[in-house]
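Reader: I would like a close look at a single part of this model, namely how one pair of helices packs together and what lies around that contact. Please take me through it carefully.

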Amino acid sequence: MYAMRVSKTILLLTAVSLLLAGPPLDAQDPPKESSSKPADSGSAPPAKPPAKPNKDNATQNSPDQPTWDPLRAEKDLEVGQYYMRRGDVDAAIDRFQDATVAKPGYAIPFRFLGEAQEKKGLRKQAIKSYQRYLDLYPHAEDREKIQKKIDKLIKEVERAKKQ
């Protein structure tokens, strides 16, 4: 029993001393200059320019790079549908747009986005959303219904142009 306590204490002290000693030296670190070298009294060593941080990150270099988060997209759809039932079309549109960004190539958010935009009177945007839905999901069960909505919206836009 006593030997076990002593070994635990030694192990604990070793861990603490390693933590207090600081990080280990990396093999890539340049060697430190020895103090046995004679000091150069003539001129100071040239100053190095400060190192620039590495900005080789695709998402930083490309602002339109989507952030893939399918779980967030599903949650955005759920919340957007809730807002539609409550009558808050603007909030629903925001959530459906977020879903299209979180999971690009996913057709369902575009259908809901088109419905919300149509309800708000944003006909041209609704046409684009519905068309994107059909482009992503060409064999949709509701393809004929969505195509009829697109045709109806196009006629409404053309009628509004004539007036």
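Author: Helix α4 (residues 89–102) and helix α5 (residues 108–120) pack at an angle of about 155 degrees, and their axes lie 9 Å apart. That makes α4 roughly antiparallel to α5, a term for angles over 145 degrees, taken from 0 to 180 degrees between the N-to-C directions of lines fitted to C-alpha atoms over the stretch in contact. Helices here are DSSP runs (H or I, at least four residues), numbered from the N terminus. This is a predicted model, in which local features need pLDDT of at least 70 and side-chain atom pairs count only at pLDDT 80 or more, while totals for chains, interfaces and linings use all residues. Residues are numbered from 1 along each chain as its sequence is written, and side-chain values use heavy atoms, with hydrogens and water left out.

On the α4 side, the residues in contact (heavy atoms within 4.5 Å) include Val89, Ile93 and Phe96, and they meet a set in α5 that includes Phe112, Leu113 and Ala116. The residues of this contact divide into nine nonpolar, three polar and three charged.

In the largest nonpolar core, a set of buried residues (under 20% relative accessible area, 1.4 Å probe, protein chains only) joined through side-chain atoms within 4.5 Å, Leu77, Met84, Ile93, Phe96 and Ala116 touch the most other members of the 13. Two or more residues each come from α3 (70–86), α4 and α5, and α4 gives the largest share, six residues. Leaving aside residues up to four places away in sequence, Ala116 touches Met84, Val89, Ile93 and Phe96.

Key. Parallel < 35°, antiparallel > 145°, perpendicular 65-115°, else oblique. Nonpolar A, V, L, I, M, F, W, Y, C, P; charged D, E, K, R; others polar. Buried < 20%, exposed > 50% of the residue type's maximum accessible area, 1.4 Å probe, protein only.
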